[in-house]
Amino acid sequence: MTMNTDQLFEKLSHKLSDQYSEAELILKAEMAAEIIALKEEKNAVILGHNYMEPALFHTVPDFTGDSLELSRKAAQTDKDVIVFCGVEFMAETAKILSPEKTVLVPSNKAGCSLASSITAEDVRKIKAQFPGVPVVTYINTYADVKAETDICCTSGNAKAVVESLPGDAVIFLPDEYLAGNIARETGKHIILPTKGTTYPKVEGVDVQMIGWNGRCEVHDQFTVEDIENVRASHPDVKVLSHPECKPAVVEASDFSGSTTEMIRYIQDNELPKYLLLTECAMGDNIHAENPNREMLRMCSVRCPHMNQIQLKDTYDALKYNQYEITIPEDIRQRAFQSVDRMLKIG
Ligand code: SF4
């Protein structure tokens with residue numbers, strides 16, 4: 001059943017009245033109703049990443065989740081148009097899996113510091129230095145980088161992907177901290193480039209993970225000191241960190257996992273208070289669903305790319321068919337192999 005403006009206003013008031021004024025909620029409900037009407041007219045599906053702002057997250061998406069879950073939904077849809085309310089590499093992954101669909105991302109400024117940290121040429125140079133070593137690429141990369149690699153991974157399955165590979169050595173790109181966290185979990189020794197794509201020669205050490213120096217500009221900001229300060233004033237808090245955080249931050253946390261794993265942890269553990277070390281909007285969205293849980297979050301730390309996408313941008317995406325994702329077919333096919341191998345691992 002399609003919700004009208006009054007029903008959307010009621011839903012938003014119920015979930016978000018502590019985050020927006022009544023006047024704001026009325027405007028957002030009106031815009032959401034227009035988007036939903038347009039979505040039906042265009043035979044479109046809207047996917048909303050967990051980091052989307054609450055008024056969008058709780059109204060227009062047909063599906064919400066992390067980038068991999070949403071790409072799986074994109075691959076299964078029978079709609080003509082996919083509007084991916086997330087950043088560009090996510091919409092690209094949807095296009096890799098669903099080449100026959102029109103895939104739109106509502107802003108042409110929704111990049112990612114991790115995805116832009118490495119190029120396909122960088123990957124070719126690294127492979128030339130370590131011939132025969134399998135290459136794992138985090139899903140937070142662009143299609144041409146995925147096309148150079150053997151298999152993709154997400155923060156939720158990175159350990160399983162690394163452990164699925166033959167031999168001890170692996171090239172793991174581009175997130176330095178995720179690589180560090182997986183190296184610790186799998187007992188591997190990691191090296192990082194000293195300059196450009198040049199790696200140090202390490203004598204007498206069995207190098208098992210070759211990393212890169214990409215970082216998420218959001219998760220990079222959390223520190224062990226932040227955790228200590230919050231624990232000092234809230235001794236009963238459970239600290240949940242994303243594996244894109246520094247290894248020392250992950251070690252100082254009670255739990256680390258992908259956005260979906262963090263949400264599941266909160267649903268499965270009925271504790272009163274959590275500190276979420278990830279994009280602040282996710283805490284807002286979880287709090288809206290679980291008003292009895294206190295979500296401590298550091299909202300001075302926001303993702304400027306995710307924040308590009310608001311309700312109005314989503315409306316414009318549908319209205320004006322913007323911004324369409326295109327990938328050259330040879331690159332898409334090679335990137336597909338990398339994503340598909342990961343999907344087969346689960
Ligand atoms: S939160 Fe970090 S990894 Fe996610 S889109 Fe923003 S910069 Fe990229």
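Colleague: At roughly what angle do the axes of helix 4 and helix 5 cross, and within what distance do they come?

Modeller: Keep in mind that this is a predicted model. In it, the two axes cross at roughly 35 degrees and come within 9 Å. Those are the usual descriptors, as two packed helices are described by the angle and the distance between their axes.

Colleague: Is the crossing of helix 4 and helix 5 left-handed or right-handed, and what makes it that?

Modeller: Right-handed. That label means the near helix is turned clockwise from the far one by less than a right angle, and roughly 35 degrees fits that limit.

Colleague: Which residues make the contact?

Modeller: Helix 4 brings Ser67, Ser71, Ala74 and Ala75, while helix 5 brings Met90, Thr93, Ala94 and Leu97. They count as contacts because they have heavy atoms within 4.5 Å.

Colleague: How do the residues of the contact of helix 4 with helix 5 divide into nonpolar, polar and charged?

Modeller: Five are nonpolar, three are polar and none is charged. Ala, Met and Leu count as nonpolar, so Ala74, Ala75, Met90, Ala94 and Leu97 go there. Ser67, Ser71 and Thr93 land in the polar class.

Colleague: On to the pockets. How much space lies in the largest pocket?

Modeller: About 490 Å³. The lining takes in 37 residues, and those closest to the centre are His49, Ser67, Tyr138, Ser155 and His242. Helix 4 (67-76), helix 5 (88-97) and helix 12 (259-268) are the elements giving two or more residues to that lining.

Colleague: What makes a residue part of that lining?

Modeller: An atom within 4 Å of a pocket point, so each of the 37 residues meets that cut-off. By class, 16 of the lining residues are polar, 13 are nonpolar and eight are charged.

Colleague: What volume does the second largest pocket have, and which residues lie nearest its centre?

Modeller: The volume is about 240 Å³. Among its 15 lining residues, Asn50, Phe57, Ile263, Gln267 and Ile286 lie nearest the centre. Helix 12 gives the most to this lining, with five residues.

Colleague: From which domains does the lining of the second largest pocket draw at least three residues?

Modeller: Domain 1 (5-110 + 306-320) and domain 3 (219-297) each supply that many. The chain also has domain 2 (115-215).

Colleague: How far apart do the C-alpha centres of domain 1 and domain 2 lie?

Modeller: They lie 32 Å apart. The contact uses seven residues of domain 1 and nine of domain 2, and these count because their heavy atoms come within 4.5 Å.

Note on methods. Residues numbered from 1 in each chain as written. Predicted model: local features only at pLDDT ≥ 70, side-chain atom pairs only at ≥ 80, totals over all residues. Heavy atoms only, no water. 1 Å grid on protein atoms, 1.4 Å probe; cavity = no way out; pocket = protein on both sides within 12 Å on 5 of 7 lines; lining within 4 Å. Points joined across faces, edges and corners; volume = space filled by probe spheres on them. Helix = DSSP H or I, 4+ residues; strand = E, 2+ residues; numbered from the N terminus. Domains from an automatic or database assignment. Axes fitted to C-alpha atoms, helices over the stretch in contact; angles between N-to-C directions.
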